[in-house]
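Me: I have a model to go through and would like short, reasoned answers about it.

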Amino acid sequence: MLRKVLLVVSFVLSLTTGLPDGAPPDTCVKNNRPNHGKTTSQPIHTLPYQVVASSNVYGPGTTIHVTISGGDVFRGFFIQARDAQTNEWIGEWQQSANTQTIPECSAITHADPKDKVQATLIWQAPSNKQGQVYFTGAVVKDYGTYWTDIIAQIPVYQH
């Protein structure tokens, strides 16, 4: 009996942690959705986090910062860069502490399941293009609580 209880507790604890190495590359072709069993995304209007890009316009080699933050901790993320005109994957991410890049689809994800209060990610535009980009993806609070189809906001600067 004790063995069954320990097994159930172990299983439940595994559900409350994020994927330890971040989202797998096949997330790129699964509409940026976490593969978390039979769970489903939370309604976007309940998103407790802000995903903000420093710009949506790029030139050759431009860098853009994308920041995830909010009033609550989160465990994971998957953010992808897409050209605003063609919807194609574009550019590359700079790998930093606790992140893992997925160059096959211009994406970046968490590299550990630890609680995070903020993540600042740096995207670099291709050296031979210019245009507009948008950043889309998912933020994971815990295994069963996540939001998808997020599009990063662009701050409106007052002059």
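Me: In which strand is the place of Thr120?
Reply: This is a predicted model. The strand in question covers residues 116–124. Thr120 has its place in S8.

Me: Is Thr120 buried, partly exposed or exposed?
Reply: Buried means under 20% relative accessible area and exposed means over 50%. Thr120 has a relative accessible area of 37%, so Thr120 is partly exposed.

Me: Which side chain makes a polar contact with the side chain of Thr120?
Reply: Leaving aside residues up to four places away in sequence, Thr120 touches His65, Val66 and Thr67. The polar contact, at 3.3 Å, is between the side chain of Thr120 and that of Gln118.

Me: What separates the C-alpha atoms of Thr120 and Val51?
Reply: Along the chain, Thr120 and Val51 are 69 residues apart. In space, their C-alpha atoms are separated by 9.7 Å.

Me: Why is strand S4 largely enclosed by the rest of the structure?
Reply: In a regular strand, side chains alternate between the two faces of the sheet. On one side of S4, Gly76, Phe78, Gln80 and Arg82 are buried, and on the other Phe77, Ile79, Ala81 and Asp83 are buried. S4 is largely enclosed because the buried residues number eight of eight.

Me: How many bridges pair S4 with strand S9?
Reply: S9 spans residues 131–142, and Gly76 of S4 stands opposite Val140 there. The two strands pair in the antiparallel sense, and the number of bridges is eight.

Me: Which residue in S7 does Phe78 stand opposite?
Reply: S4 and S7 (residues 107–110) run antiparallel and are joined by three bridges. Opposite Phe78 in S7 stands Thr109.

How values were computed. Residues are numbered from 1 along each chain as its sequence is written. This is a predicted model: local features need pLDDT of at least 70, side-chain atom pairs count only at pLDDT 80 or more; totals for chains, interfaces and linings use all residues. Side-chain values use heavy atoms; hydrogens and water are left out. Buried means under 20% relative accessible area, exposed over 50%, partly exposed in between (1.4 Å probe, protein chains only). Helices (H or I, at least four residues) and strands (E, at least two) are DSSP runs, numbered from the N terminus. Two strands pair if DSSP finds at least two bridges between them. Contact means heavy atoms within 4.5 Å. A polar contact is a pair of N or O atoms within 3.5 Å; within protein, one must be able to donate a hydrogen and the other to accept it, and residues adjacent in sequence count only if both atoms are side-chain atoms.
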